[in-house]
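Work through the exercises below with the sequence and the structure open beside you, and try each task before you read its solution.

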Amino acid sequence: MLVGFASLKYGKRWSHINTALCEAVKGVLMTDYFGSCLCGTVRFEVKGEFDSFYLCHCQHCQKDTGSAHAANLFSNSAKLVWQSGADAVTSFALPGSRHNKSFCKLCGSALPNTQIAGLLVVPAGCLDTEITMLPTAHIFLSSKAAWDGELGEVPKFEGLPD
């Protein structure tokens, strides 16, 4: 608002300041996300924003997470920077499919992967930085686990039940 006001009040001579200020604000708002594996060997940074956040219920994601679905963030523009432990990262590609996964070879934690050219896939649970983005959609619901139904009815505990 202030930038727009300055342009209106002082005319075109302020337009270069307006542009520079907008670029500076954009740079400040650009988020860096940090993450790690469970054992702490692998640490990484994601520079940029995520385009989408999918909860995938396909049978492949159920198998490799051991849960009802995978929760992955996707970006076509963000950059992945390994801060430590890059040599502990290994990958698996399921033959005959587009399904792939990167993980720590010491503790097995899911980690970001760039196995699809131009696409960064980051498992949401490996981030240490809070994500404010809500999931974009549930996908592959036709493969949804039978027990993943009315989970709202299941008792809830803040920690391990007594």
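## Exercise 1: The surroundings of Phe34

Once residues up to four places away in sequence are set aside, Phe34 touches Phe44, Glu45, Gln83, Leu127, Asp128 and Thr129.

Task: Find the strand that holds Phe34, decide whether Phe34 is buried, partly exposed or exposed, and give its C-alpha distance to Glu45.

Solution. Begin with the position: Phe34 belongs to strand E1, which covers residues 32-36. Next, take its relative accessible area, which is 35%; since buried means under 20% and exposed means over 50%, Phe34 is partly exposed. Finally, turn to one of its contacts, Glu45: the two residues are eleven places apart in sequence, while their C-alpha atoms lie 4.5 Å apart in space.

## Exercise 2: How far to trust the model

Task: This is a predicted model, and the student should state which element of the protein chain has the highest confidence and which has the lowest.

Solution. Start with the chain as a whole, where the mean pLDDT is 84 and 81% of the residues score at least 70. Then compare the elements: confidence is highest in E2, at 98, and lowest in helix H1 (residues 2-10), where the mean is 42. As a last step, look at residues 1-28, over which pLDDT stays under 50 and for which the model has six contacts beyond four places in sequence.

## Exercise 3: The order of the elements

Task: Count the helices and strands of the protein chain, and write down their order along the sequence.

Solution. The count gives three helices and ten strands. Reading along the sequence, you should obtain the pattern α-α-β-β-β-α-β-β-β-β-β-β-β. To see how the chain folds back on itself in terms of contacts, consider those between residues at least 6 apart in sequence: 57% of them join residues at least 24 apart.

## Exercise 4: An aromatic pair

Task: Classify the ring pair formed by Phe44 and Trp82 from its geometry, and locate both residues in the chain.

Solution. A search of the whole structure finds three aromatic pairs. In the pair considered here, the ring centres of Phe44 and Trp82 are 6.0 Å apart and the planes meet at 75 degrees, so the pair is edge-to-face. Phe44 sits in strand E2 (residues 43-47) and Trp82 in strand E5 (residues 79-84), so the pair ties together parts that are 38 residues apart in sequence. The accessibilities complete the picture: Phe44, at 0% relative accessibility, counts as buried, whereas Trp82, at 30%, counts as partly exposed.

## Exercise 5: The core and strand E4

Task: Describe the largest nonpolar core, and then explain why strand E4 is described as largely enclosed.

Solution. The largest nonpolar core has 18 residues, and those with the most contacts inside it are Val46, Phe50, Leu73, Val122 and Leu127. E2, strand E3 (52-56) and strand E9 (120-123) each supply at least two residues of this core. As a general background, nonpolar side chains in soluble globular proteins tend to be buried together.

Now take Val122, whose contacts, apart from neighbours within four places in sequence, are Val46, Phe50, Ala71, Asn72, Leu73, Pro112 and Leu127. Turning to strand E4 (residues 70-75), five of its six residues are buried, so E4 is largely enclosed by the rest of the structure. The pairing of E4 can be followed in two steps: with E3, E4 pairs in the antiparallel sense over five bridges, and Ser52 stands opposite Phe74 in E4; with E9, E4 pairs in the antiparallel sense over four bridges, and Phe74 stands opposite Val121 in E9.

## Exercise 6: A hairpin and its loop

Task: State how strands E6 and E7 run relative to each other, and describe Leu94 in the loop between them.

Solution. Strand E6 (residues 89-93) and strand E7 (residues 100-104) run antiparallel and are joined by five bridges, with Val89 opposite Cys104 in E7. The two strands form a hairpin with six residues between them, and Gly96 in the turn has a positive phi of about 75 degrees. Leu94, in the loop between E6 and E7, is partly exposed, with a relative accessible area of 26%. Beyond its neighbours within four places in sequence, Leu94 is in contact with His60 and His99; the C-alpha atoms of Leu94 and His60 are 8.7 Å apart, although 34 residues separate them in sequence.

Terms used
Residues numbered from 1 in each chain as written. Predicted model: local features only at pLDDT ≥ 70, side-chain atom pairs only at ≥ 80, totals over all residues. Heavy atoms only, no water. Phe/Tyr/Trp six-rings, centres within 6.5 Å; stacked < 30°, edge-to-face > 60°. Buried < 20%, exposed > 50% of the residue type's maximum accessible area, 1.4 Å probe, protein only. Core = buried A, V, L, I, M, F, W, Y, C linked by side-chain atoms within 4.5 Å. Contact = heavy atoms within 4.5 Å. pLDDT = per-residue confidence, 0-100. Pairing = 2+ DSSP bridges.
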